[in-house]
Every structure is written in structure tokens, then in C-alpha cells.
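Me: I would like a close look at the strand pairing in this model. Please keep it brisk.

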Amino acid sequence: MNRLFLLIPFLCMPMMLFAQTPSATGQIAGVLKDQSGAVVQGGKIEIKSLESGFTKATVTGQEGRYAFDLLPVGRYQVTAAFTGFETAVRSEVLVSVNQETVVDFSLTVSKQATVVEVTVPAIAVDSEGVVPERPRTNDTASLLDGIAGLSLYGGGGVSSLPVIHGLDDDRVNVLVNGMTIESACSSHMNPPLSYIDPANVSGVSVWAGITPVSVGGDSIGGTIAIESAAPEFAKPGAGTLTHGSFSAFHRSNGIVNGGNTSLSVATENFRVGYTGSYVNANNYKNGGGVIVKSTFYETTNHALELAFRRGTSVVTLGLGFQYIPQQGFVNARMDMTYNNAKFVNLHYTGAFGWGNLDARGYYEHTNHQMNILRDKIPGMDMPMNARGTNLGYAVKAEIPLSPRNTLRVGNEFRRQLLDDWWPPMMTMVGSMGPDTLSNVQGGTRDRFGTFVEWETRRGNRWTALLGVRSDIVRMNTGNVAGYNMSTTTTGSAAYYADAIEFNFREHKRLDINFDLTALTKYERNSTLSYEVGYARKTRSPNLYERYLWVKRSSMSVHMNGWFGDGNGYAGNLDLRPEVANTLSATASWHDAAKEKRELKFTPYYTHVQDFIDVDRCPVIAGGNGCTTANFIATTGFVNLQFANHGARLYGVDVSGRLPLGGSVQLGHFVLRGVLGYVRGKNLDTGNNLYHMMPVNAKLSLEHRRGNWSSAFDFQAVDAKKDVQAVRNELRTAGYALANLHTSYEWNLADRASLRLDAGIDNLGNRNYVLPLGGRYWVGDKTGSSSVPGMGRTFYAGLTFEF
């Protein structure tokens with residue numbers, strides 16, 4: 001309970017701010033049309049303040065017009081929607097004092113979608129992309145599929161992990177409703193995106209490479225922000241507003257069954273909402289019909305939200321619970337046997353005469369257990385437990401200095417607490433008992449961050465962003481002990497020597513990190529724009545990278561590692577923070593309204609000082625090495641220790657969309673495509689970096705006719721030849737996949753709707769392996785092959801909304 005006292009001053013802040021009211025206001029107005037130029041009556045227009053988060057909605061009149069009066073000055077997102085058309089979004093709409101900002105829309109035919117804002121590099125002037133709402137999976141990371149420069153990988157079925165420009169895991173800052181959730185597992189089986197179901201996601205924002213200092217520190221790859229829907233309140237005098245939905249889906253491959261439900265009731269100033277989901281999956285089969293072991297999983301999520309509004313101030317309290325009773329990991333030696341997580345998230349937004357304020361405090365706690373389940377070694381019992389806590393606050397203020405200049409300042413605190421221990425195995429008391437092994441004992445990681453950011457507009461063509469940030473990271477851990485701290489056996493002596501060496505050294509570490517972002521955008525004309533940016537980003541090591549202490553016991557070393565390669569990992573107390581310097585440029589060709597045609601080309605280059613890579617441990621039995629020659633010879637896996645090296649990454653992202661026309665009878669067609677290329681090199685060893693996605697491309701032909709929408713996707717991935725030798729990374733062959741999906745929606749009475757989704761993934765039943773999937777060592781216990789991809793899959797889902 002004493003941890004919560006850190007949040008008490010912050011939690012009281014929203015109540016004190018309710019007494020204030022905004023004074024400076026403006027207006028947003030415009031006309032809604034379809035792609036033929038005809039006005040659209042009855043279209044829904046919704047605005048959302050990008051600073052305070054409050055929302056307001058209206059419908060267009062007979063002439064397609066709409067207007068929002070008396071809006072607090074600041075930045076807004078405006079969304080236009082109408083049945084049978086693609087949802088259109090305009091971000092960074094600026095409202096100035098006593099001014100009318102005109103935002104007109106021309107809707108194009110497309111499919112119902114979850115809005116995903118993609119910001120590459122950083123200035124959020126342009127946003128793009130819609131990701132289909134297909135009830136195919138519970139994996140929230142799948143919402144990111146199709147974004148240029150971003151790839152996905154994973155070992156468990158609950159959540160994939162994103163990779164941005166070749167940088168993954170903790171190098172990517174992932175925010176789940178503003179919360180930073182560090183993994184409480186030495187195999188990183190509970191990544192941040194596993195804590196929220198897609199049914200509870202309303203929007204996703206992605207910043208790749210050049211990331212504003214205002215959206216995150218302690219990362220070098222980029223930022224991904226997952227947000228649930230902002231509270232929607234009833235209109236004045238409209239009584240009670242009720243929304244709800246029920247959905248269920250089934251996948252044939254793996255016999256996946258799942259569903260979710262949501263319900264909310266709101267008055268003009270109060271709202272309560274609930275979202276719940278459940279999914280269960282068996283092992284899937286590859287394209288050859290062979291079962292891929294350890295791909296089963298089961299998960300349940302519950303989320304409750306209470307919201308209160310007064311004027312333009314909104315307080316939202318979120319409560320959540322997750323339970324995962326089992327999850328196989330196809331590329332790990334262990335499986336998840338229990339994951340129980342709870343969180344409390346308090347969020348305040350408010351708009352005032354001086355600007356806008358966003359403040360948040362949260363507390364999250366996870367109990368996690370690993371063991372070896374049936375597919376790996378039947379009857380084996382090797383428990384490994386972890387307990388992790390994440391808590392903190394973040395306060396951000398945005399102050400319009402003038403209609404063309406905006407100042408953002410903020411401060412945040414993030415704390416991670418971690419205990420990771422392995423109970424003894426009494427059946428193997430000689431090597432794994434009789435004592436408890438403390439893998440990380442009382443680990444703490446505190447981060448204090450402060451930033452200042454200035455955005456300015458010069459004329460009608462130039463926009464610039466400049467930000468600086470400081471993060472102070474303090475880390476510490478307690479003394480450790482092995483299964484048996486005597487020196488009577490070879491195994492016990494190894495634990496004893498490692499523990500004595502680790503406990504003798506000072507564990508406290510202090511990193512003072514500095515970030516800088518500079519970006520400018522030039523709009524040459526209404527159809528061509530350029531962006532150029534530079535970023536200096538810093539990331540301190542995580543608790544496992546610094547404090548994993550076992551070196552000489554190969555069995556225990558191999559229980560640590562989140563890379564899916566079957567190798568063992570040892571920490572390094574002498575690690576320094578990574579410092580990345582990135583240059584990026586973007587050229588964008590588009591139609592004048594930025595709603596139909598677009599082609600983006602983004603090359604980038606990153607140099608990383610003190611990149612945390614690995615060195616192969618020296619073969620010194622009983623000495624300071626962390627492996628033995630016999631272990632390497634008999635298994636093919638190696639033991640590695642984290643170490644700092646220089647690194648270089650470069651590549652290019654290409655994305656585009658092109659309407660192909662159509663008619664009322666045939667419907668309308670849109671072509672979308674993305675292409676990504678990245679290379680990474682260790683500058684000290686000359687070796688390739690690990691987990692580099694080969695050249696890949698995706699092309700989608702989308703069709704919409706009335707309430708019926710369909711898409712045909714073609715994905716091609718080149719062979720992976722540039723592998724990292726030090727980890728014995730496997731090469732993979734290239735492949736191509738085709739997917740087909742369709743959806744039809746019935747509009748029922750009283751705003752209710754019913755949607756049927758169906759499709760086929762891997763239409764040709766291609767037998768392939770995943771280039772970032774790691775080693776499939778559970779298949780034959782040798783790890784000589786890569787993880788197979790999923791074979792042909794039929795899926796269907798039904799969603800009812802009211």
C-alpha cells in the first residue's frame with residue numbers, strides 16, 4: 001500500500017482543476033460530400049481534442065453542413081462517417097481564438113475500420129491508414145499489420161511483438177492507455193500489447209524512428225500508443241445514452257473460438273462502461289497439415305470504466321483484470337502456466353484559457369508463472385515464478401503561444417518492481433534444490449522524465465518541431481542465491497561462484513539520458529510535401545539485461561532469454577545506455593484533399609552507440625565464462641552475455657493508395673500497398689544484427705459496394721540470408737501468401753447493426769516458415785528448423801451493435 005502514496009498528490013489534482021473554466025474559444029465547420037461531389041445529409045461528424053481528450057458529435061444537415069461552436073482553442077481530430085463509406089479522419093486541426101476553421105470532407109467507398117494514425121516521421125499533420133475490423137484473432141498487435149517499416153513476431157498466440165525499422169522489444173515504447181508495462185518474465189511472455197484486447201481498442205498511433213519527445217523516452221525504435229475509446233456522454237437534454245455490442249468468431253486452423261462484449265450507459269456528465277473478452281485456441285497446423293506444437297493458448301480480459309465530465313474537464317477511472325491459465329510458446333523452452341494481472345488507471349483531461357492539460361496516474365500488478373507443459377516434456381515440473389509491478393504518473397500541458405506557435409511541457413515518473421524466483425525441484429534436489437533460486441531479487445527501475453517541445457508554423461508551407469528531453473534512470477537489485485549454495489557438487493559450486501561474484505559488486509546504477517528531436521515539413525504545393533528530421537534517442541538497459549547473474553550453469557542460463565533462438569543469456573552489470581542518432585526524410589505525393597491518392601517514400605539511417613548486442617561466452621569451465629564446451633557440442637545452442645557494441649541500421653519504407661474507380665452497380669475499388677527494407681550491422685564485429693526482417697511487400701485490392709466490403713491481400717517476403725552468426729540464427733526461404741476476406745453489414749432499427757465477417761487466410765495453403773519466428777526446437781528438440789507459419793485457415797465472425 002505504501003507504493004500508492006506516491007500517487008496521492010497527483011490523484012487529487014483533477015479535483016482542484018475542476019473549478020477552472022476555459023475562456024478562449026473558436027469554431028470548426030465544414031461540408032460533407034461523397035466522392036462524386038454530392039452533399040451527404042445525416043453523416044456523423046465527431047471531434048476530439050488532442051490535448052484534453054473530450055469529444056463532441058453532430059450530424060450534417062440538408063446541405064451537408066455541420067458546425068461546432070465555442071470550442072476551446074487547441075488541436076483537434078475531426079472524424080466523418082456515413083454508412084457505406086470509408087471513415088475519414090483529419091488530425092492536427094487548429095482552432096484559434098474567435099476564428100472559424102473550415103474542414104470539408106469527401107468520403108470514398110471503403111470498409112468499416114478501426115482508425116490507425118500513422119505518423120512517419122513525427123509531425124502529426126498528416127495521418128493515414130485504416131485497419132479492417134476482422135474478428136480473426138485476439139492479437140492486438142495484428143492491428144499494426146500493413147504499416148510500412150513495422151513487422152510482427154512472437155512465440156505465444158496471445159500477442160505478437162512489434163518491430164520498427166529493425167528495433168524491437170524494449171527498444172519500442174508501447175503505451176497502453178498511457179501506461180508503460182514492463183514485462184515480468186525472463187522470457188518476456190507478457191509484453192505490453194498482451195494486456196488489452198482488440199475489442200477495447202479505438203485508436204492506434206505509431207511514430208517510427210523520428211519520435212517527438214512528448215510521446216516517450218527511454219526508447220530508440222519508436223512509439224506505439226494504444227487507446228481505448230474516449231468517454232461518450234449523452235447530449236444535453238437527450239436523457240440516457242446506451243451502447244453495446246456482442247461478437248463471436250471461429251477459426252478453423254487451431255479450432256480457435258472467441259468472443260467479446262461491451263456495454264455502456266451514459267448521462268450528460270457521467271458514464272459507466274464494461275468490455276470483456278475470451279478466447280481459446282489449440283495447436284495450429286502448418287501448410288503441410290503437420291501440428292505445430294506449443295501454439296495453444298487461453299485468455300480472459302475484463303475492463304471497467306467510470307467517467308465524469310464537468311465543462312471541458314473529464315476524469316476517467318479504468319479498472320482491468322486479465323487471466324491467462326495457459327499459453328504455449330513455440331520457440332521457448334518454457335510455457336506460461338499462469339498470468340494474473342490487475343490495473344488501475346486514472347486519467348484527467350481539461351481545456352483552459354491558457355491551454356490544455358493531460359494528467360494520468362496508474363498502478364499495474366502481475367503474478368506470472370512458467371513451467372514445461374505437455375508438448376515439450378510430459379510430466380516435467382520446473383516452476384519459475386515472477387511478480388512485477390508498474391506504477392507512475394504523467395503530466396503534460398500544451399500552451400498555444402500564438403495561432404502558429406505551440407509549447408508542450410511535461411513530466412513523468414515510471415517505476416518497475418520485479419521479483420523473479422525459481423522454486424526448488426525436490427525430485428532433482430542435487431541440481432535444482434533444495435533452495436530457491438533468486439533470478440532477480442527485489443529489482444527496481446525508476447525513471448524520471450521531463451520534456452519541452454515547440455511546434456511552429458511559418459506561412460502556409462513550413463512546419464517545424466523541436467524538442468528536448470531528459471530521463472534519469474535509477475536501477476538496483478538485491479543479493480541473489482542459487483538452488484544450492486554449497487560447494488559439494490559441480491552444479492552447486494557453479495551457483496555459489498556466480499552468486500558470490502554478483503553479490504560482491506555494487507548493484508546500483510544511475511543513467512542520465514538526453515534526447516533531442518528536430519523535424520521540419522515543407523508543403524511545396526497542394527499535392528507534394530517533404531519532411532526531414534533528426535532524432536537523438538537513449539534507452540537504458542532493462543532489469544534482466546543488467547541483473548541476470550547465472551553464468552556457469554548452462555541449464556539455468558538457457559532458461560533466460562526472450563529472443564526465440566534457444567540460446568542462453570547472462571546479464572552484464574557494466575552495460576551502458578544505448579544512444580541512437582537517426583536521420584530520416586519523407587516525400588509524399590497525394591491529391592489536394594489528402595484523401596484519395598497517396599505515395600510515401602521514407603529512407604532512414606540510424607547509428608547506435610553502445611547498442612546492446614551479445615558476445616558468445618568464453619569456454620572456461622569453472623572460470624568467468626558462462627558456458628562449457630560439452631554443452632555447445634551436444635545441443636548446438638550457445639550461451640551469450642549482453643554487451644555494448646556500435647551498430648548501424650538503414651532502410652526504406654514505401655506506402656501508397658490508389659482509387660481504381662467503379663460504379664454504383666459494380667461498387668468501388670481501392671488499391672493499397674506497403675514495402676519495407678531494413679539492414680542492420682554490428683560495427684565492432686562486422687556481424688549482422690539479429691531479427692532483421694527481409695524485404696517484404698503487401699498489396700491489397702479493396703472493394704466496397706453499399707454495405708458489402710471485401711479485400712484480397714497478397715503478401716511477399718524475400719528469403720532471409722543476412723543472419724547473425726553469433727546466435728546461430730537460421731536462414732529462411734522466401735514465400736508469398738494470399739488472403740481473402742469479406743464483410744456485410746445490416747443496418748437495423750434504432751441505430752443497431754449486424755455484421756458478418758468471413759474469409760480465408762493463406763488461401764493457397766502455403767507451407768512456409770516465419771523469418772522472425774525463431775527456432776522451432778520443441779518440434780524435434782534440436783532447434784535445427786524455424787517456426788512454421790500457419791496453414792490455410794477459414795474464419796467467420798458475427799457482431800451485433802446497438
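Which residue stands opposite I164 in β13? Start there, then work outward through the other strands, and finish with T456 and its surroundings.

Reply: This is a predicted model, so everything below describes a prediction.

I164 stands opposite L167, a residue of β13. The strands involved are β12, residues 161-164, and β13; they run antiparallel and share 2 bridges. Both belong to an open sheet of 3 strands. Its order is β11-β12-β13, and the pairing is antiparallel. The edges are β11 (150-153) and β13 (167-168). Each of these edge strands pairs on one side only.

Next, the four-stranded sheet. Here 4 strands form an open sheet, ordered β3-β2-β5-β6. The pairing is again described as antiparallel. At the edges sit β3 (55-59) and β6 (88-95), each with pairing on one side only. From one strand to the next, the twist averages 20°. Look inside this sheet at β2, residues 44-49, and β5, residues 74-81. They pair in the antiparallel sense over 6 bridges. One position to find on screen is S49, which faces Y76 in β5.

Now move along the chain to β19, β20 and β21. Strand β19 covers residues 256-266, and β20 covers residues 270-281. They run antiparallel, joined by 10 bridges. Together they make a hairpin, with 3 residues between the two strands. Within that pair, G258 lies opposite V279 of β20. Strand β20 also pairs with β21, residues 297-310. That pairing is antiparallel too, over 12 bridges. For a reference point, take N280: its bridge partner in β21 is E298.

Last comes T456. This residue is found in β27, the strand of residues 437-458. Is T456 buried or exposed? Its relative accessible area is 4%, and the cut-off for buried is under 20%, so T456 counts as buried. The side chain of T456 has polar partners. One polar contact goes to the side chain of N405, at 2.8 Å. Another goes to the side chain of R458, at 2.6 Å. Leaving aside residues up to four places away in sequence, T456 touches R404, N405, W462, T463 and A464. N405 therefore appears twice around T456: as a residue it touches, and as a side-chain polar partner, given that the 2.8 Å pair falls within the 3.5 Å cut-off.

How values were computed. Residues are numbered from 1 along each chain as its sequence is written. This is a predicted model: local features need pLDDT of at least 70, side-chain atom pairs count only at pLDDT 80 or more; totals for chains, interfaces and linings use all residues. Side-chain values use heavy atoms; hydrogens and water are left out. Two strands pair if DSSP finds at least two bridges between them. Axes are lines fitted to C-alpha atoms, for helices over the stretch in contact, and angles run from 0 to 180 degrees between N-to-C directions. Buried means under 20% relative accessible area, exposed over 50%, partly exposed in between (1.4 Å probe, protein chains only). A polar contact is a pair of N or O atoms within 3.5 Å; within protein, one must be able to donate a hydrogen and the other to accept it, and residues adjacent in sequence count only if both atoms are side-chain atoms. Contact means heavy atoms within 4.5 Å.
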